[in-house]
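Colleague: Please take a close look at one loop and the element that follows it, then place that part in the rest of the chain. Keep each step explicit.

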Amino acid sequence: MVADEHARLRRLIEVTTALSIERDLEVLLDRILACARELTGADAGTVYTREGDRLHPRVIHNDTLGLRLRAAQAEDRLGPVAVEPGNVSGYAALHGKTVHVADVYRSEEFDFQGPRRYDAQTGYRSRSMLVVPLTEPGGRVIGVLQLLNARQAETGQPGPFRDEDVELVEAFASGAAAALRNARLVEDLRATLEGLVRALGVAIDAKSRYTGSHVQRVAELNVGLAQAIHRCEKGALAGVRFGEEELEEIRLAGWLHDIGKVTTPVYVMDKANRLQGFFDRIEVIRERFRRVEAVLLERIRSGDDPEENARRLDAVREDWAFVEAANRPGPPMDRDRELRLKRIASEAYGVLGPEERLLTPEEVETLARSRGSLTPEEMEQMREHVVWTARMLRQIPFPPHLSRVPEIASAHHERLDGTGYPEGRTAEDLPMAARILAAVDVFEALTAADRPYKPPLPPERVVRILREDAARRKLDPDVVEVLLEWQGLAEEG
Ligand SMILES: [Fe+2]
Ligand SMILES: [Fe+2]
């Protein structure tokens, strides 16, 4: 008997220690029930957690019925129980006391309509019940452990719980409650950090109307691309895998990558982004001019009024040169040049139909009103946002599994060939997570549909720009290909 006691105590210490390192709440609750059943030989059981004045079933086990339910499934099966003295679990929670009932069908102390109804539905026969409160070290009851039908060692038939088992499970319950409290604290802290990080990201997005919801989209795309790479079974990235914790690191790095923009003056941000949007657009305008040129050249070649069409071709080429010059940095346009721009915008060159024009009114407006590119100082201020991202994030004592967030977040403007900023790092110093973020940051800017003066580029343009960046060793070519594949764009361009 002494040897038996010894073995049981050792088992108790083992299972309680194992619980204390489990951080996943759902898994933890399942383990608590499994261990409690193992210690007492219970055929079935339920763990409830307390939320206010209700107990919610989180895990249900029943060996006879072959049941193992968790989370929503458990809640659906039994429904919540009120914390009140009339029902046995409510009583245990309210008074912090263990209740042992030898046969629930013969008890007059509590209302056992619930178990009887359950039995009627399932054909089960509830007999002995041991209800133990899960009490935090401070004395607060945070849940209830309910065990059903102790199997007797000799017969295997359900009978009452043994006194020594009751003591053992009470000791176990206090360890389980401490583990539950810790897991919840960790989860609460994680949720708080996540919430703070999102709040900061939203604030950056709100700072400039030219960046729309850039940060939010980058955060989503970042995790999505990492998961797409994780799923890769062929190609250069086939072996790359990301665990849950790495994905969390990647998500936070996405939310925080532009956090340093809190220090960037709004006018610099807006100016940079307006031009950024415009640089992309000039390519679209160039395509329109090229189309008109091609038609005129074809007419000249086929002898269709060659003189007139040659004159038009010269005009188109001169106009394009003017538009291109107008896009270059410089002071705002004078009246004459603005009029010429408007004239170009209304020109058909003998080619365009009544609805077609080479410049939209918004493009004319942007070209005419643009205050020129950033001064070198402003450019420096703009680029400094990543320096500030690094500085700010280094203030946060991230836990070990998130320790690379500052490094990943602040490397999103670095390029594989060393031409990026702020440090001019090269491929060897750029981890996969940083390469993913860099590609996503560019992709988001190209495809955004919520930027003033900047409609999203046609897919083939997006593909061409990203593949050019990959070919020039700016972005990681393998990452870019998975991104395009994942976005269904690999066949474009
Ligand atoms: Fe940035
Ligand atoms: Fe960004």
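Modeller: Helices and strands are DSSP runs, of H or I over at least four residues for a helix and of E over at least two for a strand, numbered from the N terminus. The model is predicted.

With those labels, P85 sits in the loop that joins β4 (81–82) to α4. P85 has 15 other C-beta atoms within 10 Å. A residue counts as buried at 20 or more such atoms and as exposed at 12 or fewer, so P85, with 15, is partly exposed. Leaving out neighbours up to four places away in sequence, the contacts of P85 are G90, Y91 and L94. The C-alpha atom of P85 is 8.5 Å from that of H95, and the two residues are ten apart along the chain.

Next comes α4 itself (88–95). Its residues V88, S89, G90, A92 and A93 are buried. G90 therefore appears twice, as a buried residue of α4 and as a contact of the partly exposed P85. The cover over the buried residues of α4 includes the strands β1, β2, β4, β5 (99–101), β6 and β7. After α4 comes G96, which has a positive phi near 65°.

Helix α4 also belongs to a wider packing unit. The largest nonpolar core holds 45 residues, and I32, A36, V144, L145, F172, A173 and A176 have the most contacts inside it. At least two of its residues come from each of α1 (2–20), α2 (25–40), β1 (42–51), β2 (54–62), α4, β6 (129–135), β7 (141–151) and α6 (163–207). The largest share, nine residues, is supplied by α6. One contact set inside the protein can be read at A176, which touches L19, I32 and L134 once residues up to four places away in sequence are set aside. A second core, separate from this one, has 44 residues, including V197, A253, L416 and L484.

The domain assignment puts the loop in context: domain 1 covers 2–186, domain 2 covers 200–266 + 376–486, and domain 3 covers 269–369. The C-alpha centres of domain 1 and domain 3 are 77 Å apart.

Following α6 onward leads to helix α7 (residues 214–231), whose axis comes within 7 Å of that of α6 and crosses it at roughly 135°. The two helices are therefore oblique to each other. G201, V202, I204 and D205 of α6 make the contact with H214, V215, Q216 and A219 of α7.

Another helix pair is α16 (residues 459–471) and α17 (residues 477–486), with axes that come within 9 Å and cross at roughly 160°. Angles over 145 degrees count as roughly antiparallel, so α16 is roughly antiparallel to α17. The crossing of α16 past α17 is left-handed. V463, L466, R467 and A470 of α16 meet P477, V480 and L484 of α17 there. L484 is also one of the residues of the second core.

For contrast with the loop, take V323 in helix α10 (residues 306–327). V323 is buried, because 22 other C-beta atoms lie within 10 Å. Its contacts, leaving out residues up to four places away in sequence, are I285 and I344. Between the C-alpha atoms of V323 and T49, 274 residues apart along the chain, the separation is 68 Å.

Note on methods:
Residues numbered from 1 in each chain as written. Chains lettered and ligands numbered in written order. Predicted model: local features only at pLDDT ≥ 70, side-chain atom pairs only at ≥ 80, totals over all residues. Domains from an automatic or database assignment. Core = buried A, V, L, I, M, F, W, Y, C linked by C-beta atoms within 7 Å. Contact = placed C-beta atoms within 7 Å. Axes fitted to C-alpha atoms, helices over the stretch in contact; angles between N-to-C directions. Parallel < 35°, antiparallel > 145°, perpendicular 65-115°, else oblique. Left-handed = near helix turned anticlockwise from the far one by under 90°.
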